[in-house]
Each structure stands twice: as C-alpha cells, then as structure tokens.
Amino acid sequence: MKETSPEHSRVEMTQIVLPQHTNALGTIFGGVVLSWVDIAAAICAQKHCKKTVVTASIDAMNFLAPIHLGWIVYIKAKVNYTSRTSCEVGIEVSAENPQSSEYHHTATAYVTMVAIDSYARPTAIPALTPQTEEEKKIFEEAKLRRETRLKNIPRPNRRHSDF
Ligand SMILES: CC(C)(COP(=O)(O)OP(=O)(O)OC[C@H]1O[C@@H](n2cnc3c(N)ncnc32)[C@H](O)[C@@H]1OP(=O)(O)O)[C@@H](O)C(=O)NCCC(=O)NCCS
C-alpha cells in the first residue's frame, strides 16, 4: 500500500459513552463528540503528513441521532484531500447500542488540519495519491469544498463589540 494513499493513514477510534460524557437526558454532549472527531482527525493527518498538525477548521456539523450512556461510538477518519500545507480529513461518526445492536450513523465532519514546523509556521506535506475511483471522486469533491470554505473564513481582529 502506498504511504500517501488515503488507506494508509485511515484511523478508526472506538469510545464508550461514560457518565461524564452525558447531559441530564443521559445522552452525549455534542462537544464530547467534537473532541473525539478532532483527535481522530489529528491522528489521521499526522500519519499522512508525518509532522505536527493543528486544527484550522471544522465544517458545520449536524448531530443526526442521540447517543446514549453505555453506547459504543465509532469515529472513522480518512484523508480526503491535500494541498500545500493542509489536508481535509473526512470523519464518519456512528453509534451502537451494545445490548440491542441498534446502530446509527450520527454525524459527518470535514476537518482541515495544517502541518506546522518547529516555529509553528505552516509547512509542506506529502501530496495524497487517491488509488480507487471512489477515492478520486472524494478528492475532487473535497477540492470544491475547500474553495467554498476558504471564501468563508471570518476576518480576524474583529472588535469585541461586533458580537
Ligand atoms: C491554522 C494556521 C496554522 C494557519 O496559519 P496561517 O498563517 O493563516 O497560514 P496560511 O494562510 O499560510 O495558510 C496555511 C494553510 O492553512 C489553510 N487554512 C488557513 N486557515 C484556514 C481555515 N480557517 N480553514 C481551512 N484552511 C485554512 C490555508 O488554506 C493553507 O492551506 P494550503 O497551504 O494547503 O493551501 C493558524 O491560523 C493557526 O495556528 N491557527 C490556530 C490553530 C489552533 O490552535 N487550533 C487548535 C484549536 S484553537
């Protein structure tokens, strides 16, 4: 398998929902899912880039079904696209009730990770080499998403009173 293929850096992380992850309804906090998404994306991007990475953005995420206390959560991460110093990592979150095997796809996320050097400056990463027709399609779709994403980055240094 090529070291720069999406398959080489793919990650599957498994978690169990514990009491400290849940709200008063006994379902998981969105922020906990986000932190697991961020960790899986960082591991995946670092495997591909072989460098330290930071999270530049997480696209809008929708939580499609509740995840209950005691359920198993699967977070799958794969590099979809690379440009000079950044990559898009695609994430699928799903959850399973281990007692009934009830299973839901609960979220999709697109995370942009940027590789940084020892001065915390963006640094070049290896180009992704999609192998299959499906991976090539995903690569082209991610390229379009990146164009939209970059157009919508908020300008920095907004005054506090703007909010
Ligand atoms: C992400 C970060 C390194 C970008 O630094 P920068 O000086 O703006 O760098 P550049 O403008 O040269 O952009 C570098 C790359 O990041 C991408 N990028 C920058 N901001 C981005 C954003 N908000 N969303 C997606 N991609 C972004 C650029 O497109 C570029 O990609 P490319 O080289 O593949 O074309 C910098 O903003 C940073 O350190 N942010 C804080 C990161 C962090 O701490 N994350 C943890 C949560 S707070």
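In this predicted model, the shell around the ligand draws at least two residues from each of strand 2 (52-58), strand 5 and helix 2. Strand 2 is the main contributor, with 4 residues. The shell counts 15 residues, and those that come nearest to the ligand are Ser57, Ser83, Arg84, Thr85 and Ser86. By character, the shell residues divide into 7 nonpolar, 6 polar and 2 charged.

The elements that supply this shell belong to a protein with 2 helices and 5 strands. Their order along the sequence is β-α-β-β-β-β-α. The C-alpha trace spans about 50 × 45 × 30 Å along its principal axes. Of the contacts with a separation of 6 or more, 70% join residues that are 24 or more positions apart.

The strands form an open sheet of 5 strands in the order 1-3-4-5-2, with antiparallel pairing. Strand 1 (11-16) and strand 2 each have a single partner strand, so they stand at the edges and one side of each is left without a neighbour in the sheet. From one strand to the next, the twist averages 30°. At one edge, strand 1 and strand 3 run antiparallel and are joined by 6 bridges. Within this pairing, Glu12 lies opposite Lys76 of strand 3. Helix 2 packs on the sheet, where it touches strand 2, strand 3, strand 4 and strand 5. The direction of helix 2 makes about 85° with that of strand 3.

The interior comes next. Buried residues make up 30% of the 163 residues in the protein. In soluble globular proteins, nonpolar side chains tend to be buried together. Here the largest nonpolar core has 35 residues, and the most contacts inside this core are made by Val37, Ala40, Ala41, Ala45, Cys87, Val89 and Ile91. At least two core residues come from each of helix 1 (30-49), strand 3 (72-82), strand 4 (86-96), strand 5 (103-116) and helix 2 (133-151). Helix 1 provides the largest share, 8 residues.

Which residues is Ala41 in contact with, leaving aside its neighbours within four places in sequence? They are Ala77, Val89, Ile91, Val111 and Met113. Of these partners, Val89 and Ile91 are also among the residues with the most contacts inside the core.

Two elements thus recur in both settings: strand 5 and helix 2 each give at least two residues to the shell around the ligand, and each also gives at least two to the core.

Note on methods: Residues numbered from 1 in each chain as written. Predicted model: local features only at pLDDT ≥ 70, side-chain atom pairs only at ≥ 80, totals over all residues. Core = buried A, V, L, I, M, F, W, Y, C linked by C-beta atoms within 7 Å. Buried ≥ 20, exposed ≤ 12 C-beta atoms within 10 Å, placed from the backbone. Contact = placed C-beta atoms within 7 Å. Near = placed C-beta within 6 Å. Nonpolar A, V, L, I, M, F, W, Y, C, P; charged D, E, K, R; others polar. Pairing = 2+ DSSP bridges. Axes fitted to C-alpha atoms, helices over the stretch in contact; angles between N-to-C directions.
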